[in-house]
Amino acid sequence: MEENMDYFIKNIDDIISKVDYVDIKASKGNSTNIVMKDNKIQEVNTGIDIGVRIRVLKNGAWGFAFTNDLNKLNEIAETAIKLSNVLEGDVELAETEIIEDSVKTPRKIPVSDVSIEDKKEIITDASKSATFDNVLSTTVNYSDSESKSIYLNSEGSSILMDETRIGLFLNAAASSGDIIQFGHGSIGGAKGFEALKEQDIENFGRNIGEKANRLLKASTPPSGNFSILADNELTGVFIHEALGHAVEADLILQNDSILKGKLNQKIGSDIVNIVDDASNKDGFGYYAYDGEGVKTKKNQLVKNGELVSLLSSRESASKLGMKSSGNARSIISEQPIVRMSNTYLEPGDMSFEELIEDVSNGIYLKGSRGGQVDTGKGIFQFNAAESFKIENGEITNPLRDVSLSGNVLETLKNVDAIGSDFKLGIGFCGKSGQVAPVGDGGPHTKILNATVGGSN
């Protein structure tokens, strides 16, 4: 993209006389997606993606346009300007630092240097390792990408980014005749092929197959209020879904968040500390600069139970009288919106044994297989992937189809103890029709008086 720099700069210089603000982002990248079903390759898709978008701001209104043809920048600029001319709005942008930088995601093995056959081999190893006993079906989804992008704005920022990301997602279905249960797992990162190469793929697949088999023998859960222990993954899903979306400034401005008006107020117990950190290179949601050229950093959302900051774009930050948190993200063909990155509960100082030693009748919930959140009402329901009874400080009988539900604020205030371990998972988050790679996680977490029941 460096060779196009002068071309983009000239266009910004031509456009700025007609509008109040303009920014351009262009990218070129390659990607590979492979799907394996029951140890047989179903799809192999590779491609090169090219695109450029432009945003202009005039009289408080955005004009936006996109094209896959870099040579049509003048045309989409005129389209964006026409749109802004017929609209009126109240958009203002929070001030931000002018940046000139070039960054590259660290990688040991570029994914473009790895053959399709080598990628198929690691997928096959994962699938076959999960196929044993009652496992009747496996599905593996593999994806990788590399992209180079340039971001320019009329304030003087100029940023070149060279980014990469890779993920492998494995599902195993086991059946005992009348019962079907599932195991799921994912590995990867904002890295090169080493994110998979350095993993024990056979152990990864075997653990997922064992989980699916184990669930066939599990019992249905009791219903009621219990002390629960959430593992790293379920802790992360809870923090992401129940708290993370509620601190997105656009939802707060739309009156669709239980946290509206709660800034600098207590929303959790004293030991709750929650972070969103796009600058964490170990997280799947890593990026150095957001879609508006704002440098990312560790954002402390909750400190000692108090809501201390929000996730924002420059537009939403301006409306709330604050600085952008660096959380404006989008796919190249869409306008940036407020999104999470790597969102997690910070670890405490307790061992796993200490967390459960005083639990006489509780439930240990591991993993997640989806759920629902109403950010406006602050209520949620999640389904655990696997669960166990806790009896007199010991993990005992396995349970299946266990759900966790409740009120976000009540649940955060019932966080009673936090483990010293920490794990950040990988996944994707959907919002407004856009999908973004994210990380979420935390330590094992003990929550009192949680509502547990059966789920279908």
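What volume does the second largest cavity have? I looked that up before anything else and got about 40 Å³. Note to self: this is a predicted model.

**Entry: second largest cavity**

I pulled the lining residues next. They are Val-103, Lys-104, Thr-105, Met-161, Asp-162, Glu-163, Tyr-286, Tyr-287 and Ala-288. Two elements give two or more residues to this lining, strand E4 (100-104) and strand E6 (158-175). E6 has the largest share, with 3 residues. I also sorted the lining by residue class, and it splits into 5 nonpolar, 1 polar and 3 charged. Lys-104, Asp-162 and Glu-163 are in that lining, and with Lys, Asp and Glu counted as charged, I can put names to the charged part.

**Entry: cavity count and the largest one**

How many cavities of 30 Å³ or more are there? My count is 2. The largest has a volume of about 80 Å³.

Its lining reads Ala-230, Leu-234, Thr-235, Phe-238, Ile-239, Val-272, Leu-345, Leu-404, Leu-412, Val-415, Thr-445 and Ile-447. I wanted to know which elements each supply at least two of these residues. They turn out to be helix H6 (232-244) and strand E24 (445-454). H6 gives the largest share, 4 residues. From the numbering, I place Leu-234, Thr-235, Phe-238 and Ile-239 within the H6 range of 232-244. Thr-445 and Ile-447 fall in the E24 range of 445-454.

By class, this lining has 10 nonpolar residues, 2 polar and no charged. The polar part is Thr-235 and Thr-445. For the second largest cavity I had noted 3 charged residues in the lining.

**Entry: second largest pocket**

Then I moved on to an open site. The second largest pocket has a volume of about 1,000 Å³. I found 38 residues lining the pocket, and those nearest its centre are Ser-147, Arg-165, Ser-330, Ile-331 and Pro-437. The elements giving two or more lining residues are strand E1 (21-37), strand E2 (40-58), strand E5 (135-153), E6, strand E12 (328-329) and strand E23 (434-442).

Which element has the largest share of this lining? That's E1, with 7 residues. The class split for the pocket is 14 nonpolar, 14 polar and 10 charged.

One cross-check before I close the notebook: E6 is listed for the second largest pocket, and E6 also appears for the second largest cavity. Arg-165, one of the residues nearest the pocket centre, sits within the E6 range of 158-175.

Methods:
Residues numbered from 1 in each chain as written. Predicted model: local features only at pLDDT ≥ 70, side-chain atom pairs only at ≥ 80, totals over all residues. Heavy atoms only, no water. 1 Å grid on protein atoms, 1.4 Å probe; cavity = no way out; pocket = protein on both sides within 12 Å on 5 of 7 lines; lining within 4 Å. Points joined across faces, edges and corners; volume = space filled by probe spheres on them.
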